[in-house]
Amino acid sequence: MDNDLVQLLRSVIREELVPVKAELGTVNERLDRIETEQQNMKQDQQTMKQDQQTIKQDLQTMMQDQEQIKRAVLETNERLINVESLLENQHRIIELLSARSIEQEAKLKRII
């Protein structure tokens, strides 16, 4: 009878353990999924860090380019001011020469 009792207890325990084992299997699956998701999140985080670094480098390059453009614009403005000054001087000289030419024509007409 002891043996029958032991067999009965083992049978009952096995039956009771079946749902527990199934639940443990489910829990293990969930833990595996959580670990996989955690790895994916770590990879995403690493990708984001790399993207952020790339953006910083791009921003730095853009700032350098902007500084070069600014210098080029200032140099162009200086050259334009010089050209305007030269044009004004040439315009005054042309007006002066035109006036002298007209004056000389008038003198020639009086002589002739």
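User: This is a predicted model. Why is Arg92 called partly exposed?

Analyst: Arg92 has a relative accessibility of 48%. Buried means under 20% and exposed means over 50%, with partly exposed in between. The value falls between the two cut-offs, so Arg92 counts as partly exposed.

User: What makes the contact of Arg92 and Glu88 a salt bridge?

Analyst: The nitrogen-to-oxygen distance is 3.9 Å. The cut-off is within 4 Å, for a side-chain nitrogen of Lys or Arg and a carboxyl oxygen of Asp or Glu. The pair meets that cut-off, so it is a salt bridge. Both residues lie in helix H1, four residues apart, about one turn of the helix. Glu88 has a relative accessible area of 48%, and is therefore partly exposed.

User: How many salt bridges does the structure hold?

Analyst: It holds two. Glu103 and Lys107 form one of them, with the closest N and O atoms 3.5 Å apart. These two residues also sit in helix H1, four residues apart, about one turn of the helix.

User: Are Glu103 and Lys107 buried, exposed or partly exposed, and how do you know?

Analyst: Glu103 has a relative accessible area of 45%. For Lys107 the value is 43%. Partly exposed lies between 20% and 50%, so both residues are partly exposed.

User: Why is Leu8 called exposed?

Analyst: Its relative accessibility is 52%. Exposed means over 50%, so Leu8 counts as exposed. Leu8 lies in helix H1, which covers residues 2-111.

User: Which residues form a nonpolar patch on the surface?

Analyst: Leu5, Leu8, Leu9, Val12, Ile13, Leu17, Val20 and Leu24 form it. Together they have about 710 Å² of accessible area.

User: What is the secondary structure of the chain?

Analyst: The chain has one helix and zero strands.

User: How do you know whether the chain is spread out or a compact globule?

Analyst: The radius of gyration is 47 Å. The globule rule gives 13 Å for 112 residues. The value is well over that, so the chain is more spread out than a compact globule. Its C-alpha atoms fill a box of roughly 160 × 20 × 10 Å along the principal axes.

User: What share of the chain is buried?

Analyst: Buried residues make up 0% of the 112 residues. The accessible surface comes to about 11100 Å². Carbon and sulfur atoms account for 56% of that surface.

User: How many positive and negative side chains are there?

Analyst: The chain has 16 positive and 21 negative side chains. The centres of the two sets lie 12 Å apart.

Key: Residues are numbered from 1 along each chain as its sequence is written. This is a predicted model: local features need pLDDT of at least 70, side-chain atom pairs count only at pLDDT 80 or more; totals for chains, interfaces and linings use all residues. Side-chain values use heavy atoms; hydrogens and water are left out. Patches are made of residues with over 30% relative accessible area and no salt bridge: like charges are joined within 9 Å, nonpolar side chains (Val, Leu, Ile, Met, Phe, Trp, Tyr) within 5 Å. Accessible areas come from the Shrake-Rupley method with a 1.4 Å probe; for residues, only the protein chains shown count as cover. Buried means under 20% relative accessible area, exposed over 50%, partly exposed in between (1.4 Å probe, protein chains only). The radius of gyration is taken over C-alpha atoms; the globule rule is 2.2 Å times the number of residues to the power 0.38. Lys and Arg count as positive and Asp and Glu as negative; His and the chain ends are not counted. The place of a charge is taken as NZ of Lys, CZ of Arg, CG of Asp or CD of Glu.
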